[in-house]
Amino acid sequence: MSESKLNERDLERLREDAGEIFAGALDAVDPYKAVHLHVTREGHFLNVDAYRYDLREVERVIVVGAGKASARMAVAIEEILGDYISDGLINVKYGHGELLRKITVWEAGHPVPDKRGMEGARRLLALVEDARESDLVICLISGGGSSLLPLPASGIDLLSKQETTQALLKSGATIHEVNSVRKHISAVKGGRLAQAAAPARVVSLLLSDVIGDDLDVIASGPTVPDTTTFTTALDVLARYDLTEHVPGSVLTHLRAGARGEKPETPKPGDAVFQNVINVIIANNASAIRAAADKANSLGYKPLVLSSFVQGEAREVARVMAAIAREIAMTGRPIARPACVIAGGETTVTLRGKGVGGRNQELALAASLDLDNIDNILLLAAGTDGTDGPTDAAGAVVSGDTLSVARQLGLSARDYLSNNDSYHFFQALGDLVVTGPTGTNVMDIILLLAG
């Protein structure tokens, strides 16, 4: 058998294994399973980790939520609580809904909020505001919740909120920075949902999609004390030269808040959080551990780098490619067969007019430095099944990617400079397409050396 045939067979095996490892990571952070792991019912008693609620002392159970994974979470909650649920509504991304019996599923826009999202947020807030001290409010929160709870603060319209969100997403700002602004132009984020529910008891189940699992950043922390301020939000706009490019109503609102003319978001120690618990049920670290276990079962030596990866996708790509070259040339930091695993969430500063997502951009940038390295493959994908405004979760590249691209007359550098990674990988057939996964714990990067 020729060397090229052997190489093709090796790469096909790496593709299959990478797919299995990624699937194993997704299975470990399935929201349905995660809820059942942390929430159980024994007769009239509801157990949430170490917390215990006597449902005979609860007049109504109200379930609300938002995020790309909240529908799968709601399926589990309905199974656990059944007819104890009095009412409920969750806002999910279009196409991410589930059939529910007691809880209304409201589909809306993400990552840019739309009118349906605003209407759903308004209805959700009304349910919570109606809660009494004898009620139990269960919040199901996951990544995407910020865009899916788009109820602007007084004086700001939806279009202004949309324009601000788009400007922040294009700027290269981190999710922590983006959400500090979102919280201060919202009527529900930054602890304001818990504020509206008080004095009812609140149980918030969180699927983390942020670096470090900061509670106040996940979906902009609707049930969590806010550690940022109006001044923080203004500083973010200034840092990314957006002060003069966001709508005037947003800037006026933030500046008024910084002067003390608008009420701040509730802070740590505020009485509104006295009856609130926030429980993380799954995160990126959970997915990475499962990926390492799966890689080991397939015969690879796993090496977990970090679940805190962030920064420009292109720069992270160069680091991952450098590790690949080191493995190929020296067997360090781990010898073949190896699976190097990283997780987190990179950013992309848009300069071109193409289509893509951070994972596709990372893969495309990595292909430049992986060129001609034998038996190496990199997969980068979002655990939610969507990468940017595309139908792909990410992409896969190998040492042969540029060679195949050249045969098709494609220039990886040109596509990268135009931020058009989607069409590059679409032409090669190297997109990772999963469809909506029902979960969302940031991204997974797999580097396989066969």
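Helix α3 has twelve residues and spans 16 Å from its first C-alpha to its last, close to the 16 Å expected at 1.5 Å a residue. The model that contains α3 is predicted. Ten of the twelve residues of α3 are buried, and the helix is thus described as mostly covered. The points below treat this helix, a further helix, the cysteines, and the cavities and pockets.

**Helix α3 and its surroundings**
- The buried residues of α3 are Ser70, Ala71, Met73, Ala74, Val75, Ala76, Ile77, Glu78, Ile80 and Leu81.
- Glycine 82 follows α3 and has a positive phi, near 50°.
- The helix α3 (70-81) supplies at least two residues of the lining of the second largest cavity, as do β2 (45-48) and β8 (201-207).

**The second largest cavity**
- This cavity has a volume of about 40 Å³.
- Its lining is made up of Val39, Leu46, Val48, Ile77, Leu81, Ile138, Val203 and Leu205.
- By class, these lining residues comprise eight nonpolar, no polar and no charged.
- Two residues named in this lining, Ile77 and Leu81, also appear among the buried residues of α3.

**The largest cavity**
- The structure holds two cavities of 30 Å³ or more, and the largest has a volume of about 40 Å³.
- Val309, Gly343, Gly344, Glu345, Thr346, Asn359, Leu362, Asp443 and Ile445 form the lining of the largest cavity.
- Two or more of these residues come from each of β11 (338-344), α13 (358-370) and β15 (443-449).
- The lining of the largest cavity divides into three nonpolar, four polar and two charged residues.

**Helix α12**
- Helix α12 covers residues 313-330, which makes 18 residues, and it reaches 26 Å from its first C-alpha to its last, close to the 26 Å expected at 1.5 Å a residue.
- Its buried residues are Ala313, Val316, Ala317, Met320, Ala321, Ile323, Ala324 and Ile327.
- These buried residues lie on the same side of α12, because they cover an arc of only 155° around the axis.
- An α-helix has 3.6 residues a turn, so residues three or four places apart point the same way.
- On the face of α12 turned away from its buried side are the exposed residues Glu315, Arg318 and Met329.

**Cysteines**
- The structure holds zero disulfides.
- Cysteine 139 has a relative accessible area of 2% and is therefore buried, the cut-off being under 20%.
- Cysteine 339 has a relative accessible area of 0%, so this residue is buried as well.

**The largest pocket**
- The largest pocket contains about 980 Å³ of space.
- Its lining has 46 residues, of which Pro111, Leu169, Arg358, Gly388 and Pro389 are the closest to its centre.
- The elements α5 (145-148), α6 (158-171), α7 (175-183) and α13 each give two or more residues to this lining.
- By class, the lining of the largest pocket has 14 nonpolar, 21 polar and eleven charged residues.
- Helix α13 thus contributes to the lining of the largest pocket and also to that of the largest cavity.

**The second largest pocket**
- The second largest pocket has a volume of about 250 Å³.
- Glu8, Leu11, Glu12, Arg15, Ser398, Asp400, Thr401, Ser403, Val404, Gln407, Leu428 and Asp430 line this pocket.
- Two or more of its lining residues come from each of α1 (3-28) and α14 (401-407).
- The lining of the second largest pocket has three nonpolar, four polar and five charged residues.

Definitions and conventions
Residues are numbered from 1 along each chain as its sequence is written. This is a predicted model: local features need pLDDT of at least 70, side-chain atom pairs count only at pLDDT 80 or more; totals for chains, interfaces and linings use all residues. Side-chain values use heavy atoms; hydrogens and water are left out. On a 1 Å grid over the protein atoms alone, a cavity is a set of points where a 1.4 Å probe fits but cannot get out, and a pocket is an open set with protein on both sides within 12 Å along at least five of seven lines; lining residues have an atom within 4 Å of a point. Grid points are joined across faces, edges and corners, and a volume is the space filled by probe spheres set on the points. Helices (H or I, at least four residues) and strands (E, at least two) are DSSP runs, numbered from the N terminus. Ala, Val, Leu, Ile, Met, Phe, Trp, Tyr, Cys and Pro count as nonpolar, Asp, Glu, Lys and Arg as charged, and the others, Gly among them, as polar. The expected span of a helix is 1.5 Å times one less than its number of residues. Buried means under 20% relative accessible area, exposed over 50%, partly exposed in between (1.4 Å probe, protein chains only). A disulfide is a pair of cysteine sulfur atoms within 2.5 Å. The arc is that of the directions from the helix axis to the C-beta atoms.
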